Amino acid sequence: MIIQVILLAVAAAMLLLFIRNWHSVQTRALKRLAFLGFVLAVVIAVLRPDWVNWLAHKIDVGRGTDLVLYALATAFVFVSVNTYFRLKTQEARFTDLARAIAVRDATELNAERFGVRR
Amino acid sequence: MQTAEAPGTTGTSEFDDVWVVIPVYNEASVIAGVVEDLLPTFPNVVCVDDGSRDDSADRIFHTGAHLVTHPVNLGQGAALQTGLEYALLQDGSQYFVTFDADGQHRVEDAAELVCAVKCGDADVALGSRFLSGAEDVPWIKRTLLKAVAALSPAARRLQLTDAHNGLRVLNRAAASQLKITMNGMAHASEIVDYLARSELAVTEIPVTVLYTDYSKAKGQSLINGVNILFDLSLRSRRSS
């Protein structure tokens, strides 16, 4: 029950991030904090596996393993969305670059072809 | 001062300040014909070869059209934007026509659109297949295109009947403000959206689209509409 609430909340948060500006400074800071938290959780989970189990029971998840699986799925969605936006930004820059090259070369080429003074 | 009179055309024409922008991707078999049809009327034509794998670039090179070559394939929207930016750089360019490479548009329709912008008070003229009868448009395409026009808030605001026609004319103000960011096929909706948000006066002119077997084979598959919708729904989120 509790885990369902948590997972739905995470999904909602993800959607909100998706709709709002992904590249804003706050979002970037949030992403870094989330990453720190994730690393910390990993360290604890490795050192104290029983704590994970305990936490899982607290939020109505059967086993610690299941909880780790949920966390993994959530992290995966997050990474996918992040990668998607990053690729989009990359594509925009790549387009600008290709366009600049195309226009520069074409100006020269067509000036030669038609003998235009520029 | 006019630039770049294409070889073979003489003197000045009433369309000296008009630039026709054609995005080209693998159209080697028809592109030269399309350009040759245009040149007697429109002396300034720029073809943007979007990284074609056939010899489109070579065919264009031997016509009187300006040739701009994308070093890699970027998509039709990107090619249009490149062509517009190139045309905007040319001396004396005032009006900008977007024209499909597959020969589905008629030159006289383009001329009529230019006149609507030049002589009328519109900043932008869009071609519409549906303003006056549309017997030639395949029915499934007709239904879909009309649905898009009816469902799109931007198209509704502008009272457009055809939101995805490749034939458009923009004056300098409209063309220089336009920044197409949708590299792929979603640019048509993006342009309509831009027009709806702007203060520009937009008019729609009936045109005839020639559905040849060639253009039908090359045309948009309907399933690609899903891709277009997806791209569009995310666009506004990225740009801010």
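This briefing introduces chain A of a predicted model and the place where chain B touches it. Chain A holds 4 helices and 0 strands, and its 118 residues have a radius of gyration of 24 Å, where a compact globule would be near 13 Å. A good place to start looking is helix H4 of chain A, which covers residues 64-114.

**Overall form of chain A**

- Reading from the N terminus, you will meet the elements in the order α-α-α-α.
- The C-alpha trace of chain A spans about 80 × 30 × 20 Å along its principal axes.
- Buried residues make up 8% of the 118 residues of chain A.
- Among contacts in chain A with a separation of 6 or more, 44% join residues that sit 24 or more positions apart.

**Helix H4 of chain A**

- H4(A) has 51 residues, and at 1.5 Å a residue they should span 75 Å; the end C-alpha atoms lie 73 Å apart, so the two values agree.
- Seven names are worth finding on this helix: its buried residues are Leu67(A), Thr95(A), Ala98(A), Arg99(A), Ala102(A), Ala106(A) and Asn110(A).
- The cover over these buried residues includes helix H3 (49-58) of chain A, and S3 and H3 of chain B also take part.
- Just past the end of H4(A) comes Gly115(A), whose phi is positive, at about 60 degrees.

**Where H3 meets H4 in chain A**

- The axes of H3(A) and H4(A) come within 8 Å of each other and cross at roughly 85 degrees.
- An angle from 65 to 115 degrees counts as roughly perpendicular, so H3(A) is roughly perpendicular to H4(A).
- On the H3(A) side, the contact is made by Pro49(A), Val52(A), Asn53(A), Leu55(A) and Ala56(A).
- On the H4(A) side, the partners are Gly64(A), Asp66(A), Leu67(A) and Val68(A); Leu67(A) is also one of the buried residues of H4(A).
- By class, the residues of this contact are 6 nonpolar, 2 polar and 1 charged.

**Where chain B touches chain A**

- The two chains meet through 19 residues of chain B and 17 residues of chain A.
- On the chain B side, the elements giving two or more residues are strand S3 (66-69), helix H3 (76-89) and helix H10 (224-239).
- That side of chain B has 8 nonpolar, 8 polar and 3 charged residues.
- S3 and H3 of chain B appear here and also in the cover over the buried residues of H4(A).

How values were computed:
Residues are numbered from 1 along each chain as its sequence is written. Chains are lettered from A and ligands numbered from 1 in the order in which they are written. This is a predicted model: local features need pLDDT of at least 70, side-chain atom pairs count only at pLDDT 80 or more; totals for chains, interfaces and linings use all residues. Two residues are in contact if their C-beta atoms, placed from the backbone, lie within 7 Å. Ala, Val, Leu, Ile, Met, Phe, Trp, Tyr, Cys and Pro count as nonpolar, Asp, Glu, Lys and Arg as charged, and the others, Gly among them, as polar. The radius of gyration is taken over C-alpha atoms; the globule rule is 2.2 Å times the number of residues to the power 0.38. A residue is buried if 20 or more other C-beta atoms lie within 10 Å of its own, exposed if 12 or fewer, and partly exposed in between; C-beta atoms are placed from the backbone. The expected span of a helix is 1.5 Å times one less than its number of residues. Axes are lines fitted to C-alpha atoms, for helices over the stretch in contact, and angles run from 0 to 180 degrees between N-to-C directions. Angles under 35 degrees count as roughly parallel, over 145 as roughly antiparallel, 65 to 115 as roughly perpendicular and the rest as oblique.
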